[in-house]
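Me: I've got a fold to go through with you, and I'd like to do it as quick questions. Ready to take a look?

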Amino acid sequence: MAKPPSLLESLAQMARQKHEAAKARHMADHGAEKPREIILTACSAIADQLSKDGFSFLKSGPKLKRKARDLTHNIHFQSDRNNVAGRRAAMWIHASVSSDIMARWRLENPMPWNGTHKPSLAIITGGQIGNLLPNSSWMEWNFADISRRAAQIDEATTAIRTIMLPFFALFETPATAVETLIHYPALWQSSLIEY
């Protein structure tokens, strides 16, 4: 896994991507692979590798989901809106943990910041994969280059296994999860405190 870029490097990279995407839209290659198709194929390949860890793939998300007693572990895949056919097919990966018991408790003990529908009521915490690290960073994978696609899929799968699976494992002991993650400012702190 490559060293994550600094905030300044990330902002400069994002500005370049937006500029390149704007230029590319005016000169679109209509015969090039579509980013959505590339990303769904990559998500499916990642899902195949993580199926032995108990995850099932929901193409409509696209996301991976695993039930662990009361908890649900979700891995969400988000496409970059600056993707351009033939040039960029980037994706970000997010994790979330939710609890049916938490959803019921929130219904019985409403707070002003809680949502009103069950999916948001059940969420304990989560965030972009780089925010699950003690020193948060932004992480993305670009599958546009067919010669690097398999390596990018393997890198994304490795990142999920080395960052997200230990994050999910923290919740086997709720007190450990809260004590550890309360120090990660990019995560949903109010939900952790309620948990």
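Me: Let's start with Glu194: which residue does Glu194 form a salt bridge with?
Reply: This is a predicted model, so take the distances as computed from it. The closest N and O atoms of the pair are 2.7 Å apart, and that is inside the 4 Å cut-off for a salt bridge. The partner of Glu194 is Arg106.

Me: How many residues apart in sequence are the parts that this pair ties together?
Reply: Glu194 sits in helix α7, while Arg106 belongs to helix α3 (residues 100–108). Both Glu194 and Arg106 are buried. Since the two ends are in those two helices, the bridge ties together parts whose separation in sequence is 88 residues.

Me: Staying in α7, is Ser191 buried or exposed?
Reply: Ser191 is in helix α7. Leaving aside neighbours within four places in sequence, Ser191 is in contact with Met102, Arg106, Ile123 and Ile124. Its relative accessibility is 12%, and the limit is 20%, so Ser191 counts as buried.

Me: And Gln189, how far is its C-alpha atom from that of Thr125?
Reply: Gln189 is in helix α7, which covers residues 189–194. Its contacts, setting aside neighbours within four places in sequence, are Leu181, Ile182 and Tyr184. Thr125 is 64 residues away along the chain, and the C-alpha separation is 7.4 Å.

Me: Back to the charges: how many salt bridges does the structure hold, and which residues are linked in a network?
Reply: The total for the structure is seven salt bridges. One of them joins Asp80 and Arg88, with the closest N and O atoms 2.6 Å apart. Asp80 counts as buried at 5% relative accessibility, and Arg88 is buried with a relative accessible area of 9%. The network links Asp80, Arg88 and Glu140.

Me: What about Arg149 and Glu33, how many residues apart in sequence are the parts they tie together?
Reply: Their side chains meet in a salt bridge at 2.9 Å, N to O. Arg149 lies in helix α5 and Glu33 in the loop between α1 and α2, so the parts tied together are 116 residues apart in sequence.

Me: Is Glu33 buried or partly exposed?
Reply: Its partner Arg149, at 13% relative accessibility, counts as buried. Glu33 has 40% relative accessibility, which falls between the 20% and 50% limits, so Glu33 is partly exposed.

Me: On to the greasy bits. Which element gives the largest share of the largest nonpolar core?
Reply: That core has 39 residues, and Ile46, Ile75, Phe77, Ile93, Met164, Phe167 and Phe168 touch the most other members. The elements giving two or more residues to the core are α2 (35–50), β3, β4 (90–99), α5 (149–170) and α6 (174–181). With nine residues, the largest share comes from α5.

Me: How many aromatic pairs are there, and is the pair Phe167 and Phe168 tilted or edge-to-face?
Reply: The count is five aromatic pairs. The ring centres of Phe167 and Phe168 are 5.6 Å apart with planes at 55°, and edge-to-face needs over 60 degrees, so this pair is tilted.

Me: And Phe167 with Phe171, tilted or edge-to-face?
Reply: Phe167 and Phe171 are both buried. Their ring centres are 5.6 Å apart, and the planes are at 80°, so the pair is edge-to-face.

Me: Which residues do the ring pairs link into a cluster?
Reply: Phe167, Phe168 and Phe171 are among the members. The cluster in full is Phe55, Phe167, Phe168, Phe171 and Tyr195.

Me: Is His73 buried or exposed?
Reply: His73 lies in strand β3 (residues 71–79). Leaving aside neighbours within four places in sequence, its contacts include Phe55 and Phe168. At 5% relative accessibility, His73 counts as buried.

Me: Now the outside: which residues make the nonpolar surface patch of about 310 Å²?
Reply: One of its members, Leu11, is in helix α1 (residues 7–26). Leu11 is partly exposed, with a relative accessible area of 47%. The patch is made by Leu7, Leu11 and Met14.

Me: Last one, for the overall picture: how many helices and strands are there?
Reply: From the N terminus the elements run α-α-β-β-β-β-α-α-β-β-α-α-α. Of the 195 residues in the protein, 42% are buried. The tally is seven helices and six strands.

How values were computed. Residues are numbered from 1 along each chain as its sequence is written. This is a predicted model: local features need pLDDT of at least 70, side-chain atom pairs count only at pLDDT 80 or more; totals for chains, interfaces and linings use all residues. Side-chain values use heavy atoms; hydrogens and water are left out. Helices (H or I, at least four residues) and strands (E, at least two) are DSSP runs, numbered from the N terminus. Buried means under 20% relative accessible area, exposed over 50%, partly exposed in between (1.4 Å probe, protein chains only). Contact means heavy atoms within 4.5 Å. Rings of Phe, Tyr and Trp (its six-membered ring) pair if their centres lie within 6.5 Å; planes under 30 degrees apart count as stacked, over 60 as edge-to-face and the rest as tilted. Patches are made of residues with over 30% relative accessible area and no salt bridge: like charges are joined within 9 Å, nonpolar side chains (Val, Leu, Ile, Met, Phe, Trp, Tyr) within 5 Å. Accessible areas come from the Shrake-Rupley method with a 1.4 Å probe; for residues, only the protein chains shown count as cover. A nonpolar core is a set of buried Ala, Val, Leu, Ile, Met, Phe, Trp, Tyr and Cys residues joined through side-chain atoms within 4.5 Å.
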